[in-house]
Amino acid sequence: MAQTMELAKTGREVIRDDYRCLIGGELVGALSGATVATHNPATGEKLADVPNCGAADVDRAVAAAQSAYPAWRRLTPVERAVYVRKFAARLRERAETYAWIDSLDLGSPLQAMRKDVASAAALNDYYAGIAPEIKGETIPATATTLNFTIREPYGVVGRIIPFNHPILFAARIAAPLIAGNTLVMKPPEQTPLSALEMARDVREIFPPGVVNIINGDGLNVGAPLVRHPLVRRVHFTGSVEIGREVARAAAEGLKPVSLELGGKNPMIVFPDADIDKAVAGAFNGMNYCWSQGQSCGSTSRLFLHESIHDEFLAKLLAKVSTARIGIPTDESTDMGCLVTEKHFNRVMSYIELGKKEGAKLVAGGGKPTQPELQHGYFVLPTVFDGVTMSMRLAQEEIFGPVQAVLTWKDEADLPKLANSLNFGLTASIWTRDFPKAYQLAQEIEAGFVWINDASRHFAGVPFGGVKHSGMGREETLGDLLSYTQLKSINVNLT
Ligand code: NAP
């Protein structure tokens, strides 16, 4: 509590003047000496200069990870989990600092960023708990042989993460590590600070070289990391466009890759749904008050049955108007700002496009009017009614606080409407008729479906996409095992 009050004065206390990457247990700058500035998107204020690495730094980091690998892989999964638990505990001890850093660097509300730190810690503990599940099988192949499998790590894993939940993604290191791999991670250029702060905690907890964190942009660090011959397994979370490039480069090196990509996720409301709960679900599903809509799972296509459309929309607009948009680090703020001017302009261009396409703007559509918000990239929660699937507003991931309302008549059309895009990440179905919901859940092309719920993740429940929304599942045992490869051992007993 004392720390909260201290920080609340300015928040500057959590920002360092000497950010460094972590390579081989050492805190280092880029070999070239290059740095790049990161800014507070709510105020425009410069926060810090951070190292801006290049391919030579990637080589250093991969070499450090490779040399740490033999000793790390010799530990048992349970021994490796001990380090991960310590790391989870450290995240909790320093939760306030991490939450403040992300709120300042990203522009999401402080209260939401506290939950991100807590989720990151919980997920690390979850993986530590299932460490003993890294095991093989015995196979009764013949009467005179003993045939069994063991699970082995790949070696060095490259991990590339997006801007929208910085510490939540940066701290998700448990799966590759408990599986016995070492790691080189690249944080996003827009929000590098919490990952670089984390580098210091990681340095104190893990043996040198087991986790390496290098900052730099996608072209100069991300691409060389994926292509590096000693990187044997890649994980990428980000856009479909870059995911495709990463998959192509990984294929060239014949290395397995998991991809967590974008979405344009449907939420479908039936006439028998509990309207008040579904309205709350439509609001929460957009993640307005978590990330200003900058979350991959946001239910940005809202399909309302024509018989409930008017009542639902009126209630949704009332709900949306309650979101307190403000300076992200203020305790009373529900909704912050977008991450950069470039992203702000992109979201605003979609709002203009929606108007041109003939959709009806019924909420938001621009910046708030408060004087203290004029220097930041704030966009009001924005709702378009009268959207049709032929509009780009309904087809493309905007990744901002823009919700498209579409109307449906016939249940038989729903799978086609929901599945008409190449995305397939999440979907949300609202009805009191469970058999109907379950039937539709099976028909919808998405990796993660909620029935009478939205937005929430659950440790142990696989999260990931189908079609262009990705390959692989996170937050589950399958994810942990995906960082291992099977070896069969066959003993002749005669
Ligand atoms: P992005 O532009 O695809 O960038 C993601 C990461 O890839 C960044 O670290 C970026 O580096 C790096 N990168 C860029 N070019 C690269 C290249 N050629 N090779 C390797 N790495 C490269 O995505 P974003 O704008 O940060 O994040 C938003 C996207 O992520 C949305 O589409 C969202 O849906 C998706 N997302 C998906 C999930 C999921 O679980 N499915 C979760 C969160 C976000 P720099 O930015 O530093 O250049």
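The largest pocket of this predicted model holds about 1400 Å³ of space. Its lining comprises 44 residues, and those nearest the pocket centre are Q190, G238, S239, E241 and I242. Four elements give two or more residues to this lining: helix 9 (218-227), strand 10 (231-237), helix 10 (240-252) and helix 14 (341-357). Sorted by class, the lining of the largest pocket contains 21 nonpolar, 14 polar and 9 charged residues. Because domain 1 (2-261 + 470-488) and domain 2 (266-458) both contribute lining residues, the largest pocket lies between them.

The second largest pocket contains about 780 Å³ of space. It is lined by 33 residues, with D116, S119, W290, S455 and R456 closest to its centre. At least two lining residues are supplied by each of helix 5 (110-129), helix 6 (166-170), helix 11 (275-285) and helix 12 (288-291). Helix 5 provides the largest share of the lining of this second pocket, with 7 residues. The classes represented in the lining of the second largest pocket are nonpolar, with 14 residues, polar, with 11, and charged, with 8. Domain 1 (2-261 + 470-488) and domain 2 (266-458) each give at least three residues to the lining of the second largest pocket.

Aromatic contacts were examined next. The structure contains 12 aromatic pairs. One of these joins Y126 and Y127, whose ring centres are 5.3 Å apart; the planes stand at 65 degrees, over the 60 degrees required, so the pair is classed as edge-to-face. Y127 has a relative accessibility of 4% and therefore counts as buried, the limit for that class being under 20%. In another pair, F344 and Y377 have ring centres 6.1 Å apart and planes at 45 degrees, so this pair is tilted. The F344 and Y377 pair links distant parts of the chain, with the two positions 33 residues apart in numbering: F344 belongs to helix 14, and Y377 to the loop between strand 14 (360-363) and strand 15 (382-385). F344 is buried as well, at a relative accessible area of 11%. Helix 14, which holds F344, is also among the elements that line the largest pocket.

A single aromatic cluster is formed by W72, Y83, F87 and F206. Y83, a member of this cluster, also has a charge over its ring: the charged end of K86 sits 5.8 Å from the ring centre. A further contact of this kind involves R233, which lies over the face of Y483 at 4.0 Å from the ring centre.

Notes:
Residues are numbered from 1 along each chain as its sequence is written. This is a predicted model: local features need pLDDT of at least 70, side-chain atom pairs count only at pLDDT 80 or more; totals for chains, interfaces and linings use all residues. Side-chain values use heavy atoms; hydrogens and water are left out. On a 1 Å grid over the protein atoms alone, a cavity is a set of points where a 1.4 Å probe fits but cannot get out, and a pocket is an open set with protein on both sides within 12 Å along at least five of seven lines; lining residues have an atom within 4 Å of a point. Grid points are joined across faces, edges and corners, and a volume is the space filled by probe spheres set on the points. Ala, Val, Leu, Ile, Met, Phe, Trp, Tyr, Cys and Pro count as nonpolar, Asp, Glu, Lys and Arg as charged, and the others, Gly among them, as polar. Domain bounds come from an automatic or database domain assignment. Rings of Phe, Tyr and Trp (its six-membered ring) pair if their centres lie within 6.5 Å; planes under 30 degrees apart count as stacked, over 60 as edge-to-face and the rest as tilted. Buried means under 20% relative accessible area, exposed over 50%, partly exposed in between (1.4 Å probe, protein chains only). A charge sits over a ring if NZ of Lys or CZ of Arg is within 6 Å of the ring centre and within 35 degrees of the ring normal.
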